[in-house]
Amino acid sequence: MKLEENKNKMGYLYLSSPLVKVIICFTIPLILLFGFVSFNGGLNPNPLILPSSLSSKTAETSSSVNSKEIHRVSTEELRLKIEEGIIAEKASVVTEESGLSTPSDHVATIQAANNSSVFALATNGSSMTLKDMTPNSTDIIVTTLNETHTPPMRKVELEKVVTDLDKLEIGLQKARAGIKEAKFTNRTYDDPDFKPVGPMYWNSNAFHRSYLEMEKRFKVFVYEEGETPLFHNGPCKSIYSTEGNFIHLMEINNQFRTKNREKAHVFFLPFSVTMMVHYVYPRDSHDFGPIKHTVRDYINVVSSKYPYWNRSLGADHFMLSCHDWGPEASNSVPYLSKNSIRVLCNANTSEGFKPRKDISLPEINLRTGDIQGFVGGPSPSRRSILGFFAGGLHGPIRPILLEYWGNNNDEDLKIYNYLPKGVSYYDMLKNSKFCICPSGYEVASPRIVEAIYTGCVPVLISDHYVPPFSDVLNWKSFSIEVSVKDIPNLKMILSSVSTKKYLKMYRRVLQVRRHFEVHSPPKRYDFFHMILHSVWLRRLNVHVHDHQEL
């Protein structure tokens with residue numbers, strides 16, 4: 001008993017010594033601290049960097065686990081977790097299960113439970129990208145904490161939206177494909193009104209398909225800015241009548257005109273150069289300044305109010321003028337003459353007219369405002385005059401014509417400066433086989449359409465002139481072209497045309513006549529629709545991009 005009491009007494013003295021108490025006070029907290037740290041995975045400031053023990057364990061199992069293993073989660077749950085900012089924690093789980101080491105570059109794949117979306121998780125250092133592998137998807141980029149404890153940042157790249165302009169371009173692409181297909185096939189299209197056939201057309205199938213595509217898709221926006229008489233107005237009963245007629249018909253049209261600018265393929269600038277010459281131009285001043293200022297101010301108004309001019313630099317805009325000064329007016333704005341579609345009667349290639357971009361507008365002198373009484377004529381057997389012309393000595397070509405063949409110098413060719421009294425101009429047209437159409441001061445002449453109206457084969461005498469609708473019509477099949485230097489041989493050229501060839505040309509003139517007729521309201525394939533079709537063709541050659549998207 002005494003021995004045990006002595007042992008207990010010695011133990012008590014040992015535990016009660018100061019040194020032992022100090023050791024106990026430091027040891028127990030350290031044990032608890034290391035235990036707590038070990039339980040929480042060790043000292044690791046970055047949630048995406050694994051502990052060394054776990055990293056080594058991951059490295060050992062990486063050979064047996066495919067780095068692209070698929071894990072199924074809910075797509076909606078995954079999106080919500082990303083928005084809640086806890087993607088970093090889930091990324092750690094994904095990388096641990098897939099056997100990938102986070103600090104190095106790696107990719108893990110996650111497939112949604114509904115099998116509709118597949119996401120690829122890629123990390124590079126402290127950044128991580130969650131890539132949706134499904135079509136038309138959105139990539140989500142998340143930047144996590146790095147070793148310097150930078151605050152977390154998240155960047156979301158929105159899915160690209162298909163704009164109205166994209167839809168328009170896709171529709172034009174489909175139209176181009178259809179026209180190209182028709183060009184190289186013999187497929188025909190049902191049309192209750194008209195079926196273009198024959199050598200008058202470069203490719204009748206392609207033209208027909210293009211026309212039908214235009215009727216199906218084409219939309220024109222008419223700028224409403226500007227006031228009459230300079231804008232939304234034009235002459236309808238003069239040699240410049242095509243200018244006023246088209247503006248008027250375009251304004252009241254419901255099939256092609258759209259009020260929705262986002263749905264428009266082209267934008268019409270509804271100013272009239274003819275009206276500017278009448279109201280703005282100082283008579284006999286030869287000063288184009290007021291006309292140019294008017295056009296320039298109008299372009300400035302629409303380009304500052306709407307984005308469409310600046311978006312294409314004018315390439316999907318068009319103007320129309322039958323006045324001789326139409327090209328000069330377009331030069332007031334560089335992009336108007338360089339990029340825009342110009343519909344001009346004065347289609348002179350030596351003065352900057354570009355057939356690929358610009359359009360030759362037929363010059364039609366509607367003296368009464370319509371074509372009644374001017375269309376039609378007798379059969380070829382009742383046409384006794386070989387060739388006919390009557391008109392003023394304007395420009396360099398007509399004096400040469402009158403010098404050789406004028407003033408009743410020949411019985412077969414009736415060439416006049418002024419018609420004899422009592423002789424009807426239109427009766428002479430209707431009784432002639434060939435109608436001479438020389439250029440005046442400018443290349444265009446209303447006599448071309450007058451000849452077509454009356455069934456007279458046109459004889460074009462002009463330099464650098466592009467006839468109307470030349471992208472569709474083969475003028476050589478229904479007209480004769482005579483160079484200026486061949487005017488002395490004019491009778492021989494016309495007399496050498498065989499009866500068989502003349503009859504073919506006569507019938508073809510009658511077939512293409514519908515394309516030059518002016519109707520109100522318009523009829524399919526007439527003058528109005530052919531102008532629109534020419535604009536449509538030019539728009540097919542233009543690809544418009546929204547610069548804000550690039």
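How many salt bridges does the count come to by the rule used here? The count comes to 19 salt bridges, a salt bridge being a side-chain nitrogen of Lys or Arg within 4 Å of a carboxyl oxygen of Asp or Glu. The model is predicted, with local features needing pLDDT of at least 70 and side-chain atom pairs counting only at pLDDT 80 or more, while totals for chains, interfaces and linings use all residues. Residues are numbered from 1 along each chain as its sequence is written, and side-chain values use heavy atoms, with hydrogens and water left out.

Side chains of opposite charge can pair when their charged atoms come close. One of the salt bridges is formed by Lys305 and Glu225, whose closest N and O atoms are 2.9 Å apart. This pair links distant parts of the chain: Lys305 belongs to helix α10 (residues 289-305), and Glu225 to the loop between β7 (220-222) and α8 (241-252), 80 residues apart. Helices (H or I, at least four residues) and strands (E, at least two) are DSSP runs, numbered from the N terminus. Lys305 is exposed, at 53% relative accessibility, whereas Glu225 is buried, at 12%. Here buried means under 20% relative accessible area, exposed over 50%, and partly exposed in between (1.4 Å probe, protein chains only).

Helix α10 also holds Lys292. Lys292 forms a salt bridge with Glu328, with 3.1 Å between the closest N and O atoms. Glu328 is in helix α12 (residues 326-330), and the two residues are 36 residues apart. Both ends of this bridge are partly exposed: Lys292 has 23% relative accessibility, and Glu328 has a relative accessible area of 28%.

Further along the chain, Asp410 and Lys491 form a salt bridge with their closest N and O atoms 3.0 Å apart. Asp410 sits in the loop between α14 (398-405) and β13 (413-416) and Lys491 in helix α17 (residues 490-495), so this bridge ties together parts that are 81 residues apart in sequence. Asp410 is buried, with a relative accessible area of 12%, while Lys491 is partly exposed at 23%. Salt bridges with shared partners also join Asp191, Asp193, Glu215 and Arg524 into one network.

The cysteines come next. A disulfide is a covalent bond between the sulfur atoms of two cysteines. A search of the whole structure finds 2 disulfides, each a pair of cysteine sulfur atoms within 2.5 Å. With bonded cysteines counted along the chain, the pattern is 1-2, 3-4.

One disulfide joins Cys322 to Cys345, with an S to S distance of 2.1 Å. Cys322 lies in the loop between β9 (317-321) and α12, and Cys345 in the loop between β10 (341-344) and β11 (359-360), so the pair ties together parts that are 23 residues apart in sequence. The link of Cys322 and Cys345 is left-handed, with -90 degrees about the S-S bond. Cys322 is buried at 0% relative accessible area, and Cys345 is buried at 1%.

The sulfur atoms of Cys435 and Cys456 are 2.2 Å apart and form a disulfide. Cys435 is in strand β14 (residues 432-438) and Cys456 in the loop between α16 (447-453) and β15 (457-461), 21 residues apart. The torsion about the S-S bond of Cys435 and Cys456 is about 115 degrees, so this disulfide is right-handed. Cys435 is buried at 2%, as is Cys456 at 0%. Cys437 is in no disulfide, and the nearest cysteine sulfur, that of Cys435, is 6.3 Å away. Cys437 is buried, with a relative accessible area of 3%, whereas Cys236 is partly exposed at 29%.
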